[in-house]
Amino acid sequence: MTYSPHTDADRVAMLEAIGVESVDDLFADIPESVRASRFDLPPPLTEQEVRAELSRLAGLNRIPEVSFLGAGAYRRLIPAVVDEVVGRAEFATAYTPYQPEVSQGTLQSIYEFQSLVCELTGMEVASASHYDGATATAEGALMACRLTGRHRVAVSRAVHPQVRRVLETYCSGPGVEVVEVPADLSETGSGLTDLDAVRSLVGEDVACLVVQEPNFFGLLEPMSELAEAAHAAGALIVTLVDPVSLALLEAPGRYGADIVTAEGQSLGIPLAFGGPYLGLMAARMNAVRQLPGRLVGATRDAAGRRGYVLTLQAREQHIRREKAASNICTNQALCALAATAYLSAVGPEGLREAAERSTIQARHLVATLEMAGIAARRFTAPYFNEVALRLADAGPRHAALVEQGILAGLVVEPEYPELPDTLLLATTELTTDDDIRRLAAALGAAA
Amino acid sequence: MSAVGERPTTDASGRGAAFHSPPAGEVLRVVEPTLFERSRPGRRAVRFPAPSEAARKAAASQPPLPDAARRTAPLRLPEVSELELVRHFNRLSRLNHAIDIDFYPLGSCTMKYNPKLNEWAARLPGLAGSHPLDPGPLSQGSLELQWLLAELLREIGGFAAVSLQPAAGAHGELTGMLMTRAFHRSRGEGDQRRVVLVPDSAHGTNPATASMVGFTTRTVPSNARGGIDLDALRGALGPDTAALMITNPSTLGIFEDQIHDVLNAVQAAGAIAYMDGANLNAVLGRFRAGEAGFDVMHFNLHKTFSTPHGGGGPGAGPIGVSPRLAPFLPAPLPLLIAGDPATVRANAWSGRSTPDARFALEPPGARPTAIGQVRTFGGNFGMHLRAYAYIRANGAAGLRQVTDDAVLAANYVRVQLGDAYDLPFDRICKHEVVFSARRQKREHDVSALDIAKAILDEGIHPPTIYFPLIVEEALMIEPTETETRETLDRFVAIMHDIADRSARDPEAVRQSPRTTPVGRLDEAAAARQPDLGWAFPEADRTGATLSG
């Protein structure tokens, strides 16, 4: 099956117009010595065969009936209207809005997205999107290096392990050293970033402290103290946040965050085995010229009509080349559109309801498991909608439940060897009372 | 910008908000209010169920959210009904040009048709609902799909191994450059090899990527035929060279016919040969970069393999690598851990599963030579599955046809516009052709930008302009293989007409566009006084009622 519209007669006519005998003549400039010797791909399929093949693969996945798995990607309600919006071909099949007169739809929606990110985070300027929360965080740390002229980054051990790995990979580029700040993961620990360690590790040579709120274990960090400690050393603070949590939690701009990043997957974007997701990044206006990624600004046409354009492009690779703030070009525009549609579909009340229901179900879950004597909280600090629990034989019991279609969150030990017998469980607005009952019953039986 | 509501407006003719093409000679231009202007307190679309009494009671035994952590700022998200929301975005959508509306010959971007079948596949619950950390037994389908796609891309590019992790072309470049450095370090040459050579026709991402990895960039000039200046390249190569980054076919749409010598020179100098795969649509089945001797190439799934560009993303930029770079690929890779690869492939190509096959992600730290991880989880899976559907639909024969027809279309346009516009490199092109409007500029003061804006008035998207940088007043046209001959003919006629009008009535061309939702926008003002987000009226700010 091919999507080419040409008939053989078309092709003959076109070859004639060009003045060549065959299409091979158009490839005569490829030297013999480098021509492809093989192209061993499967034969073409018809639509019904492609459907069968993709259905086969989809059928090999098993979507658990009950899942408490989060750890950076969350099963949340995607309102039907969101998928309708991102399905509009006028958005989906447009390119980057390089011709603003015929791209006002995309441009205005990005302007609205930037506005929403600023409103959520309490910051002054937000970029048009990044690949995901981790790359946004890594680019945020590199931005902090440019802003401070320092070449060392401190990151809390309570930041998502994959985010830390991406941060290290990005920092290895320009040779920025990444220092890990310990978290209190001891037997009776808080589970929080060690504030004393921050004070001693974040010195005059450190560009920024990177922390996550709520942190990887779902715990609420002392953000004001962390920000103060970083600022006392002349360093910036880069905070990776959960956008849904910001319905209830303080806007990072109010506790002194300098650069705020987030994984926006929760805002109307399907799990889709890890992507495409959405990186959010926001900062103070005085840092805008070091902000990586596209920016949309409002302006006017000659008749005074409001319109939107890509702006401050002197930061970007297509203008500045080797002096650009980042190499980012293609971003996650359609995912930013999904987030914009999501946030306007739920509104302030809906986002608060979703966040609150998530936090209440988390407490419901903990209370149920603690009461039944199945598990106990691993850390003492207050939590949001995700919680680390200690229970005996966590690994085998987790595996046993998978067989029953129940996913008891994430086994933490492979990422944190110091935390054996620990599960990380997330609740969202989709978590039902019945889910919690079934998990408790299954965990109890698997003891 | 004034925050107080600018209501939907129409032009002076007083007609209602209209989005259809206006009757000839009339202009109807519309401003869609922002979500914030549409917002009215108390309106909403989606509701969530309140927690049950039992849940609340149980939760009450647990510590609540501490007051100190709670939001103190109001959360002023838009408050709109669902219908208003739908209308807002549908009205905005109609202000966009898109492939599904009309021709989009934007050079370097491969704006081909994005098949609807791919969109159907992306919405299959078994794929869309797959959590990236689902244990292996639950995610065999996602892992097999990624493994199969990597196998297909490996064959298409002639490489030893593929990583699907990079989220975009520039991200693939970053990954490739990090691997380049890791390779040189592994041979004790990390400190010495600091220079990346880039042709003057390169995409801006190439030098920007090199900088992100701490390399310095040296530019290599093009020769009179639009290829790389081989002598200059040989002169620039040395013991300090880390890599050559080259786009082939080049951004001029020309296949580098000295590629054999280029690769030999790079290899002899001990450097890595990086190919920017943005123009892969031109050579499917005819040239395989890995087989030819390139060490690494990124694929743009959103160009060559038809995944929608989404108004700027998401894309996907998998990379293929030679055996000597394979150890450095980012982790984790999806692996076949049980079962014979040839059998698994053969079965999948006939639509069958292999009962004893098992797939898994590499565990953290399993491959110490890996450069690390370049994003969370396994990449833009939603793009992977669309590309997989596309490659399977086309098969080998279909993909060859894609390239043949793309190159046919570009040459068809080339021969028909050569009399109207200057063609700086007048030779057979690949998937795109670069003209220059320097004649129009010199003789009539009509620039490439003016011509682009005049094209907008014809209801199609203009070519890429002012790129590549080495062509004055560049018009870079990439028709792709999915446009009919009638569409190409219409485009050719429009381009001739604009060339005529540039001579006859240049002022009118400079006044375009006239039929678009807005006229030319004041970009200088946008940069001088940045308005990058909605400014809430002060009353809102001080009203400080915390929502909820």
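This briefing covers the domains, the chain contact, and selected helices and strands of chains A and B. The model is predicted. Chain A is divided into domain 1 (8–59), domain 2 (66–77 + 347–445) and domain 3 (80–342). The contact between the chains takes 186 residues from chain B and 175 residues from chain A.

**Domains 2 and 3 of chain A**

- The centres of domain 2 of chain A and domain 3 of chain A, taken over C-alpha atoms, are separated by 27 Å.
- Domain 2 of chain A puts 26 residues into the contact, and domain 3 of chain A puts in 23 residues.
- On the side of domain 2 of chain A that touches domain 3 of chain A, α11 (333–371) and β12 (386–390) of chain A each supply at least two residues.
- α11(A) gives the most to that side of domain 2 of chain A, with 5 residues.
- By residue class, that side of domain 2 of chain A holds 15 nonpolar, 3 polar and 8 charged residues.

**Contact between chains A and B**

- From chain B, 186 residues take part in the contact, and from chain A, 175 residues.
- Helix α13 (residues 381–417) of chain B supplies the largest share of the side of chain B that touches chain A, 23 residues.
- The side of chain B that touches chain A consists of 97 nonpolar, 58 polar and 31 charged residues.

**Helix α2 of chain B**

- In helix α2 (residues 53–60) of chain B, the buried residues are Ala55(B), Ala58(B) and Ala59(B).
- These buried residues cover an arc of only 100 degrees around the axis, so they lie on the same side of α2(B).
- Glu53(B), Lys57(B) and Ala60(B) are exposed on the other side of α2(B).
- The cover over the buried residues of α2(B) includes α11 and α13 of chain A.

**Helix α12 of chain A**

- Helix α12 (residues 394–403) of chain A has Ala394(A), Arg397(A), His398(A) and Leu401(A) among its residues, and these four are buried.
- Seen down the axis of α12(A), the buried residues fall within an arc of 105 degrees, so they line one face of the helix.
- An α-helix has 3.6 residues a turn, so residues three or four places apart point the same way.
- Pro396(A) and Glu403(A) are exposed, on the face of α12(A) turned away from its buried side.
- The buried residues of α12(A) pack against three strands and a helix of chain A: β13 (406–407), β14 (410–411), β15 (422–426) and α13 (433–445).
- Gly405(A), just after α12(A), takes a positive phi of about 80 degrees.

**Antiparallel sheet of chain A**

- An open sheet of 4 strands in chain A has the order β11-β12-β15-β14, with antiparallel pairing.
- β11 (376–377) and β14 of chain A stand at the edges with a single partner strand each, so one side of each is left without a neighbour in the sheet.
- The antiparallel pairing of β12(A) and β15(A) extends over 5 bridges.
- Within this pair, Leu424(A) in β15(A) stands opposite Ala388(A).

**Strand β2 of chain B and its partners**

- Strand β2 (residues 195–199) of chain B is mostly covered, with 5 of its 5 residues buried.
- Val195(B), Leu197(B) and Pro199(B) are buried on one side of β2(B), and Val196(B) and Val198(B) are buried on the other.
- β2(B) pairs in the parallel sense with strand β3 (residues 216–220) of chain B over 5 bridges.
- β2(B) also runs parallel to strand β4 (residues 241–247) of chain B, joined to it by 3 bridges.
- Val195(B) has Thr216(B) as its bridge partner in β3(B) and Thr241(B) as its bridge partner in β4(B).
- A right-handed β-α-β unit is made by β2(B), helix α8 (residues 205–212) of chain B and β3(B).

**Strand β6 of chain B and its partners**

- Strand β6 (residues 296–299) of chain B is covered on both faces: Val296(B) and His298(B) are buried on one side, Met297(B) and Phe299(B) on the other.
- Strand β5 (residues 272–277) of chain B pairs with β6(B) in the parallel sense over 4 bridges.
- Strand β7 (residues 319–321) of chain B is joined to β6(B) by 3 bridges and runs antiparallel to it.
- His298(B) is the bridge partner of Asp276(B), and His298(B) also stands opposite Ile319(B) in β7(B).

Note on methods: Residues numbered from 1 in each chain as written. Chains lettered and ligands numbered in written order. Predicted model: local features only at pLDDT ≥ 70, side-chain atom pairs only at ≥ 80, totals over all residues. Domains from an automatic or database assignment. Contact = placed C-beta atoms within 7 Å. Nonpolar A, V, L, I, M, F, W, Y, C, P; charged D, E, K, R; others polar. Buried ≥ 20, exposed ≤ 12 C-beta atoms within 10 Å, placed from the backbone. Arc of directions from axis to C-beta. Pairing = 2+ DSSP bridges. Right-handed = clockwise from strand over helix to strand, strands pointing away.
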